[in-house]
Amino acid sequence: MLDTPLATNAPQVTEAELRKALQTTPLHKVKNFTAATVAADCITSVAVALTAAVPISIIDYSIMARVARVTDSSIKEMWKGAKTVVLRPHKFFLPCAENKCSVVYRACATTYAFTYISSNLTKSYFESHGMEKEANLAAGISSGVANTVFSIWKDSLILRALPPVGAKDLSNATRPVPFLTRALFCGRDTLTCVGAFTLAPMVGAWISGYAYHQRYLPQAPDAVLPENQGKTRLLISCVDTAQIITPALLQLVTTLLHITAIRYRQAYPNFNMKDLTESLRKTYISSTLLRMGRIIPAFGFGGIMNRDMRSSLLDKAEPNTL
């Protein structure tokens, strides 16, 4: 019953009072695809990209620097990039002869800005046309396509900033990229985006069957709603948990595509499974961890920021829409 006191060590509250105190504002659903909603989507995307690109660019630069033999340790380069952001930010965000971080930062920011713009605009369009159920899937596919296209541009820009060392490497860099390598990269990026924008909400719903999140209430710190009895309490919401872990866990699969694509291109036309197996044995774990560390700010925390900021701006763009 709604007026039944809930068991707690603090002053008791009824279920109705607890539900009212825990009530949250639902995310905005677009009703009309207008210039105001487009502006809200784009502003959100740019803000998320500029923020998420900081850790992404540090990790990307450290990997590229190691491949280009600029450094002998990716960890050392990541630490250098982090110190530059904190102690000398002007040398991180602005072009500087001492390092190429700013090139990578701008490339990453541009890539993820268009990735999120594609996702947000697609979702708004589908919601405004009564296709809310298909919105998440469509957003995942469109953002995957955008991310793949701009990632190709981003990688070529980084390669120009960090050219391979030695004539042999330069000759290798000019070889055409095989179709299978491009297809694997496309599958890698699309799967990651589908995971971030389509699978994450589904995973969040699944997690809610076994866990719950409830913000702290001073008047009832130990009170739990009846439907959450026996579930595990999380520090963050089920939706946010899914948004962080889903893209990260998908790297267990996408890293296989990533390594296969690289080995196929390097060994082409003499690619064989023995070479791939040996490469996976040596690099799979480290590559997966690095890609997880890169993807969490891109689509984990970035996805949470995009969802909340977008909903807030859309509330202002469509103030009369409930």
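**View 1. F114, a partly exposed ring, and its partner.** With 40% relative accessibility, F114 counts as partly exposed in this predicted model. F150 also gets the label partly exposed, at 22% relative accessibility; the cut-off for buried is under 20%. These two rings make a stacked aromatic pair, with 4.5 Å from centre to centre and 5° between the planes. Those are the two things to look for here, since a pair of aromatic rings is described by the distance of the centres and the angle of the planes. F114 belongs to helix α5 (residues 101-128) and F150 to helix α6 (residues 132-161), so this pair ties together parts that lie 36 residues apart in sequence.

**View 2. Aromatic company elsewhere.** Searching the whole structure turns up nine aromatic pairs. Here you can pick out one aromatic cluster, made up of F33, Y125 and F126.

**View 3. Helix α3 and its two faces.** Helix α3 covers residues 74-87, which is 14 residues. From first C-alpha to last it reaches 20 Å, close to the 20 Å expected at 1.5 Å a residue. Which residues of α3 are buried? They are S74, E77, M78, G81 and T84. These buried residues cover an arc of only 120° around the axis, so they sit on the same side of α3. A bit of helix geometry helps here: an α-helix has 3.6 residues a turn, so residues three or four places apart point the same way. Now look at the face of α3 turned away from the buried side: there you'll find the exposed residues I75, W79, V86 and L87.

**View 4. Where to be careful: helix α7 and the residues around its start.** Among the elements of the chain, helix α7 (residues 167-173) has the lowest mean pLDDT, 50, while α5 has the highest, 90. Over residues 163-167, pLDDT stays under 50, and the model has six contacts beyond four places in sequence for this stretch. Where pLDDT is low, the predicted coordinates should not be read in detail. For the protein chain as a whole, the mean pLDDT is 79, and 79% of the residues reach 70 or more.

**View 5. Stepping back to the whole chain.** The protein chain has ten helices and two strands. Starting at the N terminus, the order is α-α-α-α-α-α-α-α-β-β-α-α. Of its 322 residues, 44% count as buried. The accessible surface comes to about 17300 Å², and 66% of that belongs to carbon and sulfur atoms. Take the contacts between residues at least 6 apart in sequence: 75% of them join residues at least 24 apart.

Terms used: Residues numbered from 1 in each chain as written. Predicted model: local features only at pLDDT ≥ 70, side-chain atom pairs only at ≥ 80, totals over all residues. Heavy atoms only, no water. Helix = DSSP H or I, 4+ residues; strand = E, 2+ residues; numbered from the N terminus. Buried < 20%, exposed > 50% of the residue type's maximum accessible area, 1.4 Å probe, protein only. Contact = heavy atoms within 4.5 Å. Areas by Shrake-Rupley, 256 points an atom, 1.4 Å probe, with all protein chains shown as cover. Phe/Tyr/Trp six-rings, centres within 6.5 Å; stacked < 30°, edge-to-face > 60°. Expected span 1.5 Å × (residues − 1). Arc of directions from axis to C-beta. pLDDT = per-residue confidence, 0-100.
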